[in-house]
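Hi,

Here is the structure I said I would pass on. Have a look at it first, and my notes on what I found come underneath.

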2 protein chains.
Amino acid sequence: MARTNQSELSDRLGSIPVFRGLTPLAINRLANAATEREAGRRTRLFVEGQEVNEFFVLIGGCVKLSLLTADGCQFALGLVSPNEPFGTVAVTPRHRHSTTAEVVQHARTLVWTAAAMRQAFADDARLVLNALDLVSARLDALHVHFSQFATEPVQRRVARVVLRLPQPGRPGDAIAGSDCPISRQEIAEMCGTTLFTVSRLLCSWQRRGIVRLGRQRVVVVRPAALAAIANGAALRTDACATG
Amino acid sequence: MARTNQSELSDRLGSIPVFRGLTPLAINRLANAATEREAGRRTRLFVEGQEVNEFFVLIGGCVKLSLLTADGCQFALGLVSPNEPFGTVAVTPRHRHSTTAEVVQHARTLVWTAAAMRQAFADDARLVLNALDLVSARLDALHVHFSQFATEPVQRRVARVVLRLPQPGRPGDAIAGSDCPISRQEIAEMCGTTLFTVSRLLCSWQRRGIVRLGRQRVVVVRPAALAAIANGAALRTDACATG
DNA sequence: GCCGCTGTTTGCGATTGCGCAAAGAGCGAT
DNA sequence: ATCGCTCTTTGCGCAATCGCAAACAGCGGC
């Protein structure tokens, strides 16, 4: 790849979960085959339906995965955090992306071609196992997410989504120290609701001092209170408006 | 395993997608390690949270995968069809089931211990690739399912679920030639709604001649009409009650 | 400093879908 | 054949949420 020192890159790769435990040889080959790519807000790294020919790992910034339903309604699956691979881990040729990846905040990514990944899979069986574990874990997580989604009222879903939002300067979080602009519309798309409902809920939470709002910004002030809502504690929304 | 002829079993394994393309050696070892197990209605093959120590492939009958949400609400992810593996494909030790598998209709399964599966993964790298593809495909399918679920009104979700239900004697379907008893409650759990709403919708469809209903039974008479509903064609539910 | 654009708030009316209660129906057991 | 159990249907009222329209507000450009 371009600028970065090779062995430094190898070290970095080794710390990414999906590459953990690979042989030095495999890691080095991956490091050689990697390309670093930056992409600005609103760029699309790949689009739903397009053939899979690249594999991404997010290094910095924020990327949103979404898809379109048959009736043209957009639904967002969630945001990708740094060190997470995305795109598709699978290597079946001809496979097509089931989602669209859009950059929410200027993103730095490591990119491999599908061919390079197939080579890597062949180089080290451990990578396949890692990928399998990763995808399985995602599947499990999605099961849980789905079931919550299916059975919970909007208020709780929005609370959950907001809790997962990258927070400015929250350690270990998606974009430590910087802002990730997310509109009410985008939150609505992650919750399967409308921007109006999201706005109403957020405003009521702001009145209660649970969040602080701005244009394309939601800062969680009292995570515990929000978690309580997410877990079903608060039944009423608009009560105690002066809280 | 017990009764069946070994080579016959090997042949059968070879036709199960997840085992496709394995070396004869690996297939034979799998055939040797397999156990056949039958389980009656309402039996649970594994329970959410329990440690994964067996791997299943459904041969006949019908199994429902479900999970409990935090508030004790049951949600059903769907039904397993014959030749589908279930449980968890991943082999990470200590991994726990994220779902519960309950027999809906007397089921015949092939079972392997986690140890046997780990051995098989080691025997033939192709198995790991197959598993990765399988899990990836499921993840993609779940993304789509989820997004439909999140954006569509109840009516369409119920239509979709009913379309997927095993139909008596429909070729290639879950339980060719026999009935798979499913209650309104169970359909509701797959749709994220209540049994009342399901009942109302089904009755209105029956009045329109789209389905035929019985106790724990839904037979799709006009799949095309139901598909039209699933795709958003019919806006009104109760209109044209005599249709 | 003003303008225009995009994103946000809020009120209001219309629906959808829920929840309970009670009556009705299939099915197996005695 | 009857009983009892479970599953299903249906009526009715209510709460949650949507959808639109219009007013408001941050922010960059000129």
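A good place to start is a helix pair in chain A: A:Arg184, A:Gln185, A:Ile187, A:Ala188 and A:Cys191 in α6(A) meet A:Leu195, A:Val198 and A:Ser199 in α7(A). By class, this contact of α6(A) with α7(A) is made of 5 nonpolar residues, 2 polar and 1 charged. Before going further, please keep in mind that this is a predicted model.

The geometry of that pair is easy to see if you turn the model a bit. Helix α6 of chain A covers residues 184–191 and helix α7 of chain A covers residues 195–207; their axes come within 8 Å and cross at roughly 105°. The two helices, α6(A) and α7(A), are therefore roughly perpendicular to each other.

Chain B has a matching pair to look at. There the axes of α6(B) and α7(B) are 8 Å apart, and the helices pack at an angle of about 105°, which makes α6(B) roughly perpendicular to α7(B). On the α6(B) side you will find B:Arg184, B:Gln185, B:Ile187, B:Ala188 and B:Cys191, and they meet B:Leu195, B:Thr197, B:Val198 and B:Ser199 in α7(B). The contact of α6(B) with α7(B) counts 5 nonpolar, 3 polar and 1 charged residues.

Now for the DNA, where these helices turn up again. Which residues come nearest to DNA strand C? There are 21 residues around strand C, and the nearest are A:Ser183, A:Ser199, A:Cys203, B:Pro153 and B:Thr197. Both chains are involved: α6 and α7 of chain A, along with α5 (154–164) and α7 of chain B, each supply at least two residues of the surface near DNA strand C. The largest share comes from α7(A), with 6 residues. Sorted by class, the surface near DNA strand C has 8 nonpolar, 9 polar and 4 charged residues.

DNA strand D is also surrounded by 21 residues, and the closest are A:Pro153, A:Thr197, B:Ser183, B:Ser199 and B:Cys203. For the surface near strand D, at least two residues each come from α5 (154–164) and α7 of chain A and from α6 (184–191) and α7 (195–207) of chain B. Here α7(B) gives the most, with 6 residues. The surface near DNA strand D divides into 8 nonpolar, 9 polar and 4 charged residues.

On to how the two protein chains meet. The contact involves 36 residues of chain A and 36 residues of chain B. On the side of chain A that touches chain B, the elements that give two or more residues are β4 (74–80) and α4 (125–151) of chain A. The largest share of that side, 20 residues, comes from α4(A). Its residues divide into 19 nonpolar, 13 polar and 4 charged.

How are the two copies related? Chain A superposes on chain B (RMSD 0.0 Å) by a rotation of 180° with 0.1 Å of shift along its axis. That is the relation of a two-fold axis. If you want to find the axis on screen, look for A:Leu132: of the residues of chain A, A:Leu132 comes closest to the rotation axis, at 2.5 Å (C-alpha). The same surface serves both copies, with 100% of the contact residues of chain A recurring in chain B.

Some overall figures for chain A: the chain has 8 helices and 8 strands. Of its 243 residues, 42% are buried. Among contacts in chain A with a separation of 6 or more, 70% are between residues 24 or more positions apart.

Lastly, a few single residues to click on.

- B:Ile27 sits in helix α2 (residues 24–33) of chain B. B:Ile27 counts as buried because 24 C-beta neighbours lie inside 10 Å. Not counting residues up to four places away in sequence, B:Ile27 touches B:Ser10, B:Leu13, B:Gly14, B:Phe19 and B:Leu22.
- A:Gln216 is in the loop between β7 (211–214) and β8 (217–220) of chain A. Its phi is near 55°, a positive value in a residue other than glycine. With 14 C-beta neighbours inside 10 Å, A:Gln216 counts as partly exposed.
- B:Arg42 lies in the loop between β1 (35–39) and β2 (44–46) of chain B. The phi of B:Arg42 is also positive, near 75°. B:Arg42 counts as exposed, with 8 C-beta neighbours inside 10 Å.

Cheers

Definitions and conventions. Residues are numbered from 1 along each chain as its sequence is written. Chains are lettered from A and ligands numbered from 1 in the order in which they are written. This is a predicted model: local features need pLDDT of at least 70, side-chain atom pairs count only at pLDDT 80 or more; totals for chains, interfaces and linings use all residues. Axes are lines fitted to C-alpha atoms, for helices over the stretch in contact, and angles run from 0 to 180 degrees between N-to-C directions. Helices (H or I, at least four residues) and strands (E, at least two) are DSSP runs, numbered from the N terminus. Angles under 35 degrees count as roughly parallel, over 145 as roughly antiparallel, 65 to 115 as roughly perpendicular and the rest as oblique. Two residues are in contact if their C-beta atoms, placed from the backbone, lie within 7 Å. Ala, Val, Leu, Ile, Met, Phe, Trp, Tyr, Cys and Pro count as nonpolar, Asp, Glu, Lys and Arg as charged, and the others, Gly among them, as polar. A residue is near a molecule or strand if its C-beta atom, placed from the backbone, lies within 6 Å of it. Copies are superposed by least squares on the C-alpha atoms of residues with pLDDT of at least 70 in both. A residue is buried if 20 or more other C-beta atoms lie within 10 Å of its own, exposed if 12 or fewer, and partly exposed in between; C-beta atoms are placed from the backbone.
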